[in-house]
Number of protein chains: 2
Amino acid sequence: MTTPATTRIPQEERTRAMRQRLMDATVELLVEKGFGGTTTTLVSERAGVSRGAQLHHFPTKNDLVVAAVGHLTAIRGSDLEAAAARLPKGKGRTEAVVQMLGDHFASPVFTAALELWVAARTDPGLHDAVGPLEQRVGRETHRLTVELLGVDETQPGARELVQATLDLVRGLGLANTLGDDAPRRRRILTEWARTLETALRPADSEGDNR
Amino acid sequence: MTTPATTRIPQEERTRAMRQRLMDATVELLVEKGFGGTTTTLVSERAGVSRGAQLHHFPTKNDLVVAAVGHLTAIRGSDLEAAAARLPKGKGRTEAVVQMLGDHFASPVFTAALELWVAARTDPGLHDAVGPLEQRVGRETHRLTVELLGVDETQPGARELVQATLDLVRGLGLANTLGDDAPRRRRILTEWARTLETALRPADSEGDNR
């Protein structure tokens, strides 16, 4: 099956590109057709990869979807860190960070991950693979958010408010998959950013509430 | 198929009970096996209802799942209103309301609804049925939350914070389906309630932030 043209590309590079195409195709299909509608046949067709090569790299559908979502989540994490580096410092930063997280959880990668999570709920084998992925992603997103917001987690309640922010954008991401609109999300996150900023401000405004 | 014993029960009552059993069985199966694993055959078996009777009341699987989730969501809404009537007034009320919403979104009915939403995302017929249901449920839950919290929605930002609260419990509900723990949810909602109470307090603490 090899041709003179392709043999010039080192094997390792070709393997990497093939795996990449398989994972991209998997995420596309999860978004378009859902977990149930994503088959390994469709994935290899869309990726332009032979069935044999696909099975060699990812023996089962579950291997493929877990690798694809994990890989793309990691990429999106890097994108997020890069985008974060360009955010304004000082005034307006909290809102910029929160809106960026909101956009992140409204992206196709979130939709693909949602398909995977929901499928994993009733598939023990998939659940075992998704659990550790989810924990890692959760920890990394939390760490990044703390860093971006410049939160002091030793302040009582600060850690919970960062977690609440992430659960909020997860809830908005879920609503978004059913056709919710971005303007609603932005209004809610503008108000939450304002509230979060006040709540995380050194302890002048919360004494009487504890 | 009728027996002397059952003919004593009025037909209307028997029909109501049969529909109820079909819908209960559907929700149970959505929770246990997911949307993909829920078949009309399994539903009629579990409900103890003949295939013919089931098809008469709910001609397709989609009819069944939409009716079941809509019906049980309405019941849960009534339960919520009843539970709300027993909540403390005054101090501690915001937290009690928010924790109650958190429990509501961590219930099997949420899980069944999640299966339905995710399936509807890639099934146009189901999407058309779920969209109006979702809008109605969303409006009712919003109205109830405003009422329970005693929120004045003319106050700037108040409406968005109520929406944020509901998106937060939705996000926590989603996390819960993958085996997240209730203690984490409660800690987050305790902090959220405290923050919400401060933010919704008449405008003494937010002037410099707008």
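From the N terminus on, the elements of chain A run α-α-α-α-α-α-α-α-α-α. The model is predicted: local features need pLDDT of at least 70, side-chain atom pairs count only at pLDDT 80 or more, and totals for chains, interfaces and linings use all residues. Residues are numbered from 1 along each chain as its sequence is written, chains are lettered from A and ligands numbered from 1 in the order in which they are written, and side-chain values use heavy atoms, with hydrogens and water left out.

**Exercise 1. Describe chain A as a whole.**

Step 1. Take the secondary structure. Chain A has 10 helices and zero strands. Helices (H or I, at least four residues) and strands (E, at least two) are DSSP runs, numbered from the N terminus.

Step 2. Take the extent. The C-alpha trace of chain A spans about 70 × 40 × 30 Å along its principal axes.

Step 3. Take burial. Of the 210 residues in chain A, 49% are buried. Buried means under 20% relative accessible area, exposed over 50%, partly exposed in between (1.4 Å probe, protein chains only).

Step 4. Take the contacts with a separation of 6 or more. In chain A, 64% of them join residues 24 or more positions apart. Contact means heavy atoms within 4.5 Å.

**Exercise 2. Place A:His57 and the UniProt annotations on chain A.**

Step 1. Read the record. UniProt gives "domain: HTH tetR-type" (unreviewed entry) for residues 16–76 of chain A. It lists "DNA-binding region" (unreviewed entry) for residues 39–58 of chain A. Positions follow the numbering used here, feature names are shortened, and annotations may be inferred rather than shown by experiment.

Step 2. Check the structure. Residues 16–76 of chain A are 87% helix and 0% strand, with end C-alpha atoms 18 Å apart. Residues 39–58 of chain A are 75% helix and 0% strand, with end C-alpha atoms 13 Å apart.

Step 3. Find A:His57. It sits in helix H4 (residues 51–57) of chain A. A:His57 is buried, at a relative accessible area of 18%. Leaving aside neighbours within four places in sequence, A:His57 contacts A:Thr15, A:Met18 and A:Arg19.

**Exercise 3. Find what surrounds A:Thr141.**

Step 1. Locate the residue. A:Thr141 lies in helix H8 (residues 124–149) of chain A. It is buried, with a relative accessible area of 13%.

Step 2. List the partners. Not counting residues up to four places away in sequence, A:Thr141 touches A:Phe105 and A:Leu166.

Step 3. Compare sequence with space. A:Thr141 and A:Gly77 are 64 residues apart along the chain, and their C-alpha atoms are separated by 7.5 Å.

**Exercise 4. Work out how helices of chains A and B pack.**

Step 1. Choose the descriptors. Two packed helices are described by the angle between their axes and the distance between the axes. Axes are lines fitted to C-alpha atoms, for helices over the stretch in contact, and angles run from 0 to 180 degrees between N-to-C directions.

Step 2. Take the H10 pair. The axes of helix H10 (residues 182–200) of chain A and helix H10 (residues 182–200) of chain B come within 10 Å and cross at roughly 100°. H10(A) is therefore roughly perpendicular to H10(B). The cut-offs are under 35 degrees for roughly parallel, over 145 for roughly antiparallel, 65 to 115 for roughly perpendicular, and oblique for the rest.

Step 3. Name the residues. A:Trp192, A:Thr195 and A:Ala199 in H10(A) meet B:Trp192, B:Thr195 and B:Ala199 in H10(B).

Step 4. Take the second pair. Helix H9 (residues 158–177) of chain A and H10(B) pack at about 100°, with axes 9 Å apart. So H9(A) is roughly perpendicular to H10(B).
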